[in-house]
Structures are given as structure tokens and as C-alpha cells.
Amino acid sequence: MQANFTKNLLLSTLVLISCSFGTVNAQDKTKATQEASSEVEGKNLVKWNFAAMALKNYSFQYERAIAKKISVGLGVRFAPKSGVPFKSQFEKLIDDEDTWNSIKDFKTGNFAITPEVRFYMGQSVFRGFYVAPFARYAKYSVEGPFNYDVTVNVSGTDVNQKGVIPLSGDIKTFTGGLLLGAQWKLSKLVYLDWWIIGASYGTSSGSISGKKTLNSDEQKALKEQLEDLEDLPLVKVKSEVNSEGAKVDFDGPWANLRAGLSIGFRF
């Protein structure tokens with residue numbers, strides 16, 4: 001009887017040990033599967049902001065997970081020089097017919113780089129609502145004919161004439177702000193990123209200039225109409241005109257709004 005009891009005890013112990021090893025192996029397999037799944041999905045996202053095409057911009061972003069709910073990103077935006085987008089809305093914003101007529105034929109282009117850090121509020125990185133502090137460097141290029149009216153005296157009679165001077169230059173801005181957004185997983189590798197609203201504030205500086213031989217009447221007329229650019233939103237304007245041409249300096253505060261809709265690929 002003692003022998004049977006010892007035998008049964010040994011068998012029971014072996015069964016318990018086997019079950020323990022089975023449980024450990026199952027846990028290890030589950031963990032390995034989760035890690036493998038995470039590795040397959042990858043820690044990187046590349047995205048195209050297709051909504052920016054409405055403003056003639058090409059906008060792309062790279063995002064990388066660095067913690068369970070935190071990622072870092074780098075965005076690049078550029079636009080070749082073209083006519084002012086949404087001309088009718090921009091004309092209303094300026095709210096001055098003479099100023100608008102002077103610059104309506106300008107072409108503008110831009111380049112911007114935007115680093116950011118994202119904090120996701122959901123269960124994991126890349127998914128759900130997020131807040132993202134960001135900084136932005138942007139360069140806006142401008143070129144085109146500046147139209148102005150000049151009055152000249154011809155045989156004792158004042159005659160109104162049209163004048164034009166080609167202007168070109170750049171405005172550079174540095175801003176910082178906060179973006180609110182949400183991101184969804186559409187499939188195993190495809191994501192949708194909605195920049196709900198973002199705002200930034202900072203500084204700007206730059207100038208545009210042009211060369212042209214000007215007489216005293218033209219200088220006076222051009223100076224007066226360049227001063228109308230002081231009505232432009234967001235920036236301070238200072239102009240200088242002489243017999244060889246004109247220069248307009250821009251500086252002061254700068255503000256931006258940020259929104260978009262991007263499609264992304266995870267790897």
C-alpha cells in the first residue's frame with residue numbers, strides 16, 4: 001500500500017509539472033505572438049495629406065512610435081509658385097480694391113518643415129485621439145508685377161497713367177503651437193489621420209524688391225501705393241522707394257491655422 005501511495009504521488013507530481021510547463025509555454029507563445037504581431041505592424045507611418053491639394057500644397061509626414069502612447073513626427077510641405085489660391089476669399093480678406101488690384105497677379109510658393117510630438121489618449125500609439133505640440137519653419141516666396149497709378153503733367157494737363165514694377169522676394173516664419181487630432185486603423189497597414197484643428201504663433205521677417213528707373217512722379221505714386229500694403233493681415237510692412245526701384249520689408253507676429261486629412265502606410 002505504501003508503494004502504491006508513493007507511486008501515485010510521483011505520478012501526480014509529474015502531471016502538475018507537465019501542466020506548469022504547458023502553461024508557461026502557452027504564455028511564452030502568446031507573448032511571442034504579440035511581439036511578432038507588433039513587429040509586423042511596425043513602428044513607422046508615412047502619410048500623405050491629400051486635403052492640402054485644395055491649397056495647391058504637397059504635404060507629407062513621417063511618424064515613429066517611441067513609447068506605448070507616444071510618437072514623434074516630421075512633416076514637410078511645399079508648393080511650386082502659382083496664382084493665389086482662393087482668390088475671391090483673399091480679396092475679401094484684404095478689403096481694399098486698390099491694394100488687391102496691385103497684387104492680384106502675384107504668384108506665391110512655400111516650403112515648410114514641422115517637427116512634432118504626439119501623445120495618444122487611447123490604448124496604444126497610432127490610434128485614437130491625440131494632442132501634439134509642434135514647431136514650424138516656413139518660407140513663402142512671392143513674385144509678380146506690382147501695378148500702380150501715376151499722374152503726370154502733359155502740357156499743363158494732369159494725365160493718369162499705369163505703371164508696373166516687377167517685385168520678388170521671400171518671407172520666413174518661425175512658429176510654435178498645438179494640434180488636436182485623431183487617427184484610425186483602416187486595415188492591417190493603412191491608417192487615416194485627421195488633423196482636426198491646430199494653431200501656432202510666432203515671428204516673421206523678409207522682403208520683396210524690384211529694379212526699375214523711376215522719375216520723381218513715379219516714385220511718389222509708387223511709395224503711396226506700397227504703403228497700402230500695410231493693410232495686409234498678420235505682418236508689419238515698411239516700404240522704401242528711390243530712383244532705382246523699390247523694396248518692401250515685412251516683419252512682426254505671424255499666426256497659422258493647421259488642419260488636414262492624411263492617408264498613411266505602416267511599416
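**Exercise 1. Find out which residues Arg118 touches beyond its neighbours within four places in sequence, then place Arg118 in the fold and decide whether it is buried or exposed.**

*Step 1.* Start with the partners. Skipping the neighbours within four places in sequence, Arg118 is in contact with Lys47, Gln61, Glu63, Lys69, Ile70, Ser71, Tyr130, Val131, Ala132, Gln183, Asp193 and Trp195. Keep in mind that you're working with a predicted model here.

*Step 2.* Now find its element: Arg118 sits in strand β4, which covers residues 107-120.

*Step 3.* Next, check the surface. The relative accessible area of Arg118 is 1%. Buried means under 20%, so Arg118 counts as buried.

*Step 4.* Pick out a polar partner. Gln61 is on the contact list, and its side chain makes a polar contact of 3.3 Å with the side chain of Arg118.

**Exercise 2. Do the same job for Arg64: which strand is it in, how exposed is it, and what does its side chain hold on to in a polar contact?**

*Step 1.* Look along the chain: Arg64 belongs to strand β2, residues 58-65.

*Step 2.* Its relative accessible area comes out at 34%. Partly exposed runs between 20% and 50%, so that's the label Arg64 gets.

*Step 3.* List the contacts. Leaving out neighbours within four places in sequence, Arg64 touches Lys43, Asn44, Ser71, Val72 and Phe126.

*Step 4.* Zoom in on Asn44: the side chains of Arg64 and Asn44 make a polar contact at 2.8 Å.

*Step 5.* Try one distance too. Arg64 and Val46 are 18 residues apart along the chain, and their C-alpha atoms are separated by 8.9 Å.

**Exercise 3. Describe the nonpolar cores: how many residues does the largest have, and which elements supply at least two residues each?**

*Step 1.* The largest nonpolar core has 27 residues, and Phe146, Tyr148, Leu222 and Leu226 have the most contacts inside it.

*Step 2.* At least two residues each come from α3 (97-103), β5 (128-154), β6 (157-185), α4 (216-226), β8 (236-242) and β9 (245-266). The largest share, seven residues, is from β5.

*Step 3.* Don't stop there: another core, of 11 residues, lies apart from this one, with Leu45, Ala65, Val125 and Phe126 among its members. You've met Phe126 already, as a contact of Arg64.

**Exercise 4. Sum up the whole chain: how many helices and strands are there, and what percentage of residues count as buried?**

*Step 1.* Count the elements: four helices and nine strands. In sequence order they read α-β-β-β-α-α-β-β-β-β-α-β-β.

*Step 2.* Of the 267 residues, 34% count as buried.

*Step 3.* Finish with the surface: the chain exposes about 15800 Å², with 60% of that supplied by carbon and sulfur atoms.

Notes. Residues are numbered from 1 along each chain as its sequence is written. This is a predicted model: local features need pLDDT of at least 70, side-chain atom pairs count only at pLDDT 80 or more; totals for chains, interfaces and linings use all residues. Side-chain values use heavy atoms; hydrogens and water are left out. Buried means under 20% relative accessible area, exposed over 50%, partly exposed in between (1.4 Å probe, protein chains only). Contact means heavy atoms within 4.5 Å. A polar contact is a pair of N or O atoms within 3.5 Å; within protein, one must be able to donate a hydrogen and the other to accept it, and residues adjacent in sequence count only if both atoms are side-chain atoms. A nonpolar core is a set of buried Ala, Val, Leu, Ile, Met, Phe, Trp, Tyr and Cys residues joined through side-chain atoms within 4.5 Å. Accessible areas come from the Shrake-Rupley method with a 1.4 Å probe; for residues, only the protein chains shown count as cover.
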